[in-house]
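User: I would like to go through this model step by step, with the reasoning behind each answer. Please begin once the structure is shown.

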Amino acid sequence: MKIVGFRTQEGLRLGVIEGDRVIDLQAVDPSVPNDLAAVLSQHNGDLEPIGDAKLRPKDTKIPIVKLGDGQAMLIYATAVLGSGRDHAKWQSTHGVGYRYYPILKAGNKSLDPLDPNVPYCESHMQSTSTEEEEVMVLSEDCETCQKFAAQYKVESVKASNDPTRIVLEFETDGSLSAKAVLLATLDILGKRFSELATQAAGLA
Ligand SMILES: [Zn+2]
């Protein structure tokens with residue numbers, strides 16, 4: 001689909017090229033903004049998606065272009081779906097990492113280090129041990145450690161890791177939400193494992 005901006009007596013209009021004619025989108029779709037030049041001169045968040053509201057940009061703060069009087073934008077847009085396995089341009093996920101779930105005790109009290117209410121210090125309370133608890137002295141110069149010390153009335157913690165639980169962390173480039181990426185990933189993995197199971201079942 002080719003989308004064009006074109007000038008008329010009523011100002012800048014948005015249209016779709018069909019064959020050798022241009023269909024005036026504003027005339028057929030009342031949801032298309034009338035003051036198109038003003039919209040296009042701002043941020044992508046100001047663009048009104050035509051049709052499905054799901055097509056609204058995820059990141060609304062990206063400037064597109066500043067248009068002067070009498071200027072218009074000509075846009076040819078084609079959306080192609082793909083996965084990062086085929087090409088890096090579809091890679092929406094970055095900084096993927098995983099680690100064992102940290103175990104933390106203040107005195108004899110077991111805490112969940114990833115609970116937002118626990119002032120967990122990644123620098124001074126994170127052990128590499130999976131076998132035995134490591135006693136780690138809280139830093140006097142560290143704000144988080146001192147907050148922890150005041151909250152639980154301790155000067156040290158006992159820390160280790162639970163190798164049976166994995167914390168997976170990643171971020172996205174903003175094109176998709178983290179939840180959407182995770183759900184799509186699980187869907188892809190589910191299909192791949194089911195293919196593998198089918199092939200395994202076919203073995204003699
Ligand atoms: Zn600290």
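User: Which residues make up the largest nonpolar core?
Analyst: In this predicted model, the largest nonpolar core has 10 residues. Elements that each supply at least two residues of this core are β5, α3 (143-152) and β8 (156-172). The members are Ile103, Leu104, Tyr120, Cys121, Met125, Leu138, Cys145, Phe148, Val157 and Ala159.

User: Which residues is Cys121 in contact with, leaving aside its neighbours within four places in sequence?
Analyst: Cys121 belongs to the largest nonpolar core, as do Cys145 and Phe148. A contact here requires C-beta atoms, placed from the backbone, that lie within 7 Å. Once the neighbours within four places in sequence are left aside, the contacts of Cys121 are Cys142, Thr144, Cys145 and Phe148.

User: Which strands are the edge strands of the open sheet?
Analyst: The open sheet is formed by 4 strands with antiparallel pairing, in the order β6-β5-β8-β7. An edge strand pairs on one side only, and this holds for β6 (109-111) and β7 (134-137).

User: Which residue in β6 does Leu104 stand opposite?
Analyst: Strand β5, which covers residues 93-106, pairs with β6 in the antiparallel sense over 3 bridges. Leu104, itself a member of the largest nonpolar core, stands opposite a residue in β6, namely Leu111.

User: How many of the 24 residues of α4 are buried?
Analyst: Helix α4 (residues 178-201) reaches 34 Å from its first C-alpha to its last, close to the 34 Å expected at 1.5 Å a residue. A residue is buried if 20 or more other C-beta atoms lie within 10 Å of its own. Helix α4 lies largely in the open because, of its 24 residues, the number buried is 0.

Note on methods. Residues are numbered from 1 along each chain as its sequence is written. This is a predicted model: local features need pLDDT of at least 70, side-chain atom pairs count only at pLDDT 80 or more; totals for chains, interfaces and linings use all residues. The expected span of a helix is 1.5 Å times one less than its number of residues. A residue is buried if 20 or more other C-beta atoms lie within 10 Å of its own, exposed if 12 or fewer, and partly exposed in between; C-beta atoms are placed from the backbone. Two strands pair if DSSP finds at least two bridges between them. A nonpolar core is a set of buried Ala, Val, Leu, Ile, Met, Phe, Trp, Tyr and Cys residues joined through C-beta atoms within 7 Å. Two residues are in contact if their C-beta atoms, placed from the backbone, lie within 7 Å.
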